[in-house]
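Work through the following exercises with the sequence and the model at hand, and attempt each task before reading its solution.

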Amino acid sequence: MTDNPVDALGWIRERGAGELADKMGIEFVEFSLERAVATMPVDGNRQPAQLLHGGAYVVLGESLGSMSANLHAGPDRLAVGIEINASHTRSARSGIVTAVCTPIHLGRTLTTHQIAIDDDQGRRCSTIRITNMIIDKR
């Protein structure tokens, strides 16, 4: 693919991030090989205690990390998640959360990304790490 942020952001907006990301209100606002940023509203993604659901953090992190890995993979290959973990350190109750994804490793067959998710006040809520395997498209 390309590491030009304008082209890459256009690519992801054209391609889309999938039905689940759409339902959760995830919006990509910056996208390149070096850094990707997306936001997600808390409203509509809360658990019964009115806190942002822990699984919502993971969906946001996986959406951002997987799309970043697919940008690295290029048009003839596909990145598929093989491992993800999350550490939740704070709970968002309202507003939006912002996820910043940066690569830890960009290899020929594996990528690893870290995603830091902060609330509106800039406080870390969750830290996610995802590893994707890059395969040839069938």
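**Exercise 1. Locate Gln50 and describe its backbone and its exposure.**

Step 1. Gln50 lies in the loop between E2 and H3, where helices (H or I, at least four residues) and strands (E, at least two) are DSSP runs numbered from the N terminus. This is a predicted model, in which local features need pLDDT of at least 70, side-chain atom pairs count only at pLDDT 80 or more, and totals for chains, interfaces and linings use all residues. Residues are numbered from 1 along each chain as its sequence is written, and side-chain values use heavy atoms, with hydrogens and water left out.

Step 2. Although Gln50 is not a glycine, its phi is positive, at about 70°. Most residues other than glycine have a negative phi.

Step 3. With a relative accessibility of 44%, Gln50 counts as partly exposed, a class that falls between buried (under 20% relative accessible area) and exposed (over 50%), with a 1.4 Å probe and protein chains only.

**Exercise 2. Describe the largest nonpolar core and the surroundings of Val97.**

Step 1. A nonpolar core is a set of buried Ala, Val, Leu, Ile, Met, Phe, Trp, Tyr and Cys residues joined through side-chain atoms within 4.5 Å. The largest such core has 30 residues, and those with the most contacts inside it are Ile26, Phe28, Phe31 and Val97.

Step 2. Two or more residues each are given to this core by helix H1 (5–15), strand E1 (27–31), strand E2 (36–41), helix H3 (54–73), strand E4 (96–106), strand E5 (110–118) and strand E6 (124–136). The largest share, 7 residues, comes from H3.

Step 3. When neighbours within four places in sequence are left aside, the residues in contact with Val97 (heavy atoms within 4.5 Å) include Ala38, Met40, Leu52, Tyr57, Leu60, Ile117 and Asp119.

**Exercise 3. Account for the number of disulfides.**

Step 1. Where a disulfide is a pair of cysteine sulfur atoms within 2.5 Å, the count comes to 0.

Step 2. The sulfur of Cys101 has its closest cysteine sulfur in Cys125, 17 Å away, and this is too far for a bond.

Step 3. Cys101 is buried, with a relative accessible area of 1%, and Cys125 is buried as well, at 0% relative accessibility.

**Exercise 4. Examine three of the salt bridges and the exposure of their partners.**

Step 1. A search of the whole structure finds 6 salt bridges, each defined as a side-chain nitrogen of Lys or Arg within 4 Å of a carboxyl oxygen of Asp or Glu.

Step 2. One of them joins the side chains of Arg35 and Glu30 at 2.9 Å, N to O; Arg35 is partly exposed at 36% relative accessibility, and Glu30 is partly exposed at 30%.

Step 3. Another joins Arg77 and Asp136 at 3.2 Å, N to O. This pair links distant parts of the chain, since Arg77 is in strand E3 (residues 77–88) and Asp136 in strand E6, 59 residues apart. Asp136 is exposed, with a relative accessible area of 56%.

Step 4. Asp119 and Arg123 also form a salt bridge, at 2.9 Å, N to O; here Asp119 is buried, with a relative accessible area of 8%, whereas Arg123 is partly exposed at 37%.

**Exercise 5. Assess the confidence of the prediction.**

Step 1. The mean pLDDT, the predictor's confidence in each residue from 0 to 100, is 93 for the protein chain, and 96% of its residues reach 70 or more.

Step 2. Over residues 1–6 the pLDDT is below 50, and beyond near neighbours in sequence this stretch has 13 contacts in the model.
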